[in-house]
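Biologist: Before I rely on the labels attached to a structure, I would like to hear how each of them is justified. Could you take me through the reasoning, one label at a time?

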Amino acid sequence: DHQYNRALNHLHDNVKTDSNAKAMIQDWQKLPKSERDKSLIIIPDIKTRDGASRDIHDFKVKQGEIGQQSVSVNTLVNARFSDAQKAYGRFYGVGHVVEFQRDVKTLSVKSGERFVVIGQSANRDTLSMVNMRDVPRHLLHDVNALKAHQFTHKPFEWQPHVVAGKARRGVEVFSVGKRDFAQKETFRWTKTDRLNRNGELGTISHINHVTGDVTLTFEKGNTRTFNINSSEAHTLDYNYVKTAFVSQGLDAKRVFMLSEFHRRNLVTQKSFYVKLTRMKEFAHIYTNQSKEHLADALLRNKGDKESAFMHAQKSQLQSDPLSSSFIKHVAQQASDKATKQAAQKERALAPDKVKDKVNTPAHLRNASMVKEKKQNKFTQINRPNAQKVQEKQVKQAAQQAVKQNQRASRDHDMER
């Protein structure tokens, strides 16, 4: 704790307390253009980052650094759903965009197609969706209008927990954002396709305000033209503000970094180190409380990855990690799936077991039967809480490892 306090105190006035992203952008705007161009702005959370990017865009228009006329583009922002969340309709909302990552014959859906959620069933397990190309652009930002709109094509029903939602890389979920782009503005491409890769940078070289065609020039020199109403427009974003992850490998004369102490998963020792080491000469840190609050948050949050189970234990939010009805449901489904797979494997190996019984000596066959009986007894007992199961599995693995070691040692002695 003293080390972090000492480091923050060493920066003196370059650490702004009781501050926010607005104040940080205002300080950046006060710099000459030559200094702004040598600066790097790092903000961890999506919402604050989007707001800061819009402020920078408006400032550049006002300063005449980019074109005075802008075109509005609907962009897709990753909703950051976990694999578990993708499998349950309750986490989706009206206006979310679902992109299927593989062909789904039962839904007549092809890989890469995008659909907009326009409704949910009463139990929120079933979603009503329409193809994104059939949704008028202005409705993507108005949830109530999206619900009330009468679509020419009949919506189809999708149950994420039944089809595609549980599959690894089965779907991606996005929220719709709105960006105003002007000529000479820098951009970041956000999706890998046959022409460009995710993260490629460039400049908007031309905008036809009559037809809505936009021409991009990438850093590598290649160009690309698309219409603002096409699906390609959804993969365009500002390039003014970085995350700690994206900023890795970059450096700048000045680094402006926002570190809000209450964001447990975003303000960590590792991310703080990455952000701070991007600067060549100056670091400007903005936090929403005192230096002591930030130092305490950094001391507690190392940034190591941990499982949901370990997090529940550490935070002591629940005495039993399976007490939540949702977690119980997920755990039960995982248990049922494992039981089903074990039964299928048992049936598949049944002929081999009969053959083995015929050719196996009696004493070995009896030992095998005893072992199977013990294993069946273990799997059929009432499942205790997750921690006891984990401890028993670890203990069994350790005992098995000891037996194997003893057997190997005994075999070695016999060979000698």
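Biologist: How many salt bridges does the count come to by this rule?

Modeller: The count comes to 16 salt bridges, and I should say at once that this is a predicted model.

Biologist: What makes the contact between aspartate 27 and lysine 30 a salt bridge?

Modeller: The N to O distance between the side chains of aspartate 27 and lysine 30 is 3.7 Å, and because the rule asks for a lysine or arginine nitrogen within 4 Å of a carboxyl oxygen, the pair qualifies. Lysine 30 itself has a relative accessible area of 67%, and since exposed means over 50%, that is the label it receives.

Biologist: Which residues does glutamate 65 meet in salt bridges?

Modeller: Glutamate 65 meets arginine 36 with an N to O distance of 2.2 Å, and it also forms a salt bridge with lysine 60, where the closest N and O atoms are 3.0 Å apart. Both values satisfy the rule, because it requires a distance within 4 Å.

Biologist: Why is the pair of glutamate 65 and arginine 36 said to tie together parts of the chain?

Modeller: Glutamate 65 lies in the loop between helix 4 and strand 3, whereas arginine 36 belongs to helix 3, so the pair joins parts that are 29 residues apart in sequence.

Biologist: Are these three charged residues, glutamate 65, arginine 36 and lysine 60, buried or exposed?

Modeller: Glutamate 65 has a relative accessible area of 18%, arginine 36 has 6% and lysine 60 has 12%. Buried means under 20%, so each of these values earns that label. Elsewhere, salt bridges that share partners join Asp50, Arg179, Arg188 and Asp237 into one network.

Biologist: What makes you say that arginine 36 also lies over a ring?

Modeller: Arginine 36 lies over the face of tryptophan 28, at 5.4 Å from the ring centre, and that distance passes because the cut-off is 6 Å, with a further condition on the angle to the ring normal. Arginine 254 is treated in this way too, its charged end sitting over the ring of phenylalanine 282, 4.3 Å from the centre.

Biologist: Why is the pair of phenylalanine 187 and phenylalanine 218 called edge-to-face?

Modeller: A search of the whole structure finds 12 aromatic pairs. For phenylalanine 187 and phenylalanine 218 the ring centres are 5.3 Å apart and the planes stand at 85°; since planes over 60 degrees apart count as edge-to-face, the label follows. Phenylalanine 187 is in strand 9 and phenylalanine 218 in strand 11, 31 residues apart, and both are buried.

Biologist: Why, then, is the pair of phenylalanine 256 and tyrosine 286 called stacked?

Modeller: Here the planes meet at 20° and the centres are 6.5 Å apart; the angle counts as stacked because it is under 30 degrees, and the distance is accepted because the rule says within 6.5 Å. Phenylalanine 256 lies in strand 15 and tyrosine 286 in strand 16, so the pair ties together parts that are 30 residues apart in sequence. Phenylalanine 256 counts as buried at 2% relative accessibility, and tyrosine 286 is buried with a relative accessible area of 2%.

Biologist: How do you know that strand 15 and strand 16 pair?

Modeller: They are joined in the parallel sense over six bridges, and because at least two bridges are required, the condition is met. Within that pairing, the bridge partner of phenylalanine 256 in strand 16 is histidine 284. Both strands belong to an open sheet of five strands with the order 1-16-15-2-14, in which strand 1 and strand 14 are the edge strands, each pairing on one side only.

Biologist: Which strands pair with strand 9, and where do its side chains point?

Modeller: Strand 9 pairs in the antiparallel sense with strand 10 over three bridges, and three bridges also join it to strand 13, again antiparallel. Threonine 186 stands opposite threonine 203 in strand 10, while tryptophan 189 stands opposite leucine 236 in strand 13. Phe187 and Trp189 point to one face and are buried, whereas Thr186 and Arg188 point to the other and are not.

Note on methods:
Residues are numbered from 1 along each chain as its sequence is written. This is a predicted model: local features need pLDDT of at least 70, side-chain atom pairs count only at pLDDT 80 or more; totals for chains, interfaces and linings use all residues. Side-chain values use heavy atoms; hydrogens and water are left out. Buried means under 20% relative accessible area, exposed over 50%, partly exposed in between (1.4 Å probe, protein chains only). Helices (H or I, at least four residues) and strands (E, at least two) are DSSP runs, numbered from the N terminus. Rings of Phe, Tyr and Trp (its six-membered ring) pair if their centres lie within 6.5 Å; planes under 30 degrees apart count as stacked, over 60 as edge-to-face and the rest as tilted. A charge sits over a ring if NZ of Lys or CZ of Arg is within 6 Å of the ring centre and within 35 degrees of the ring normal.
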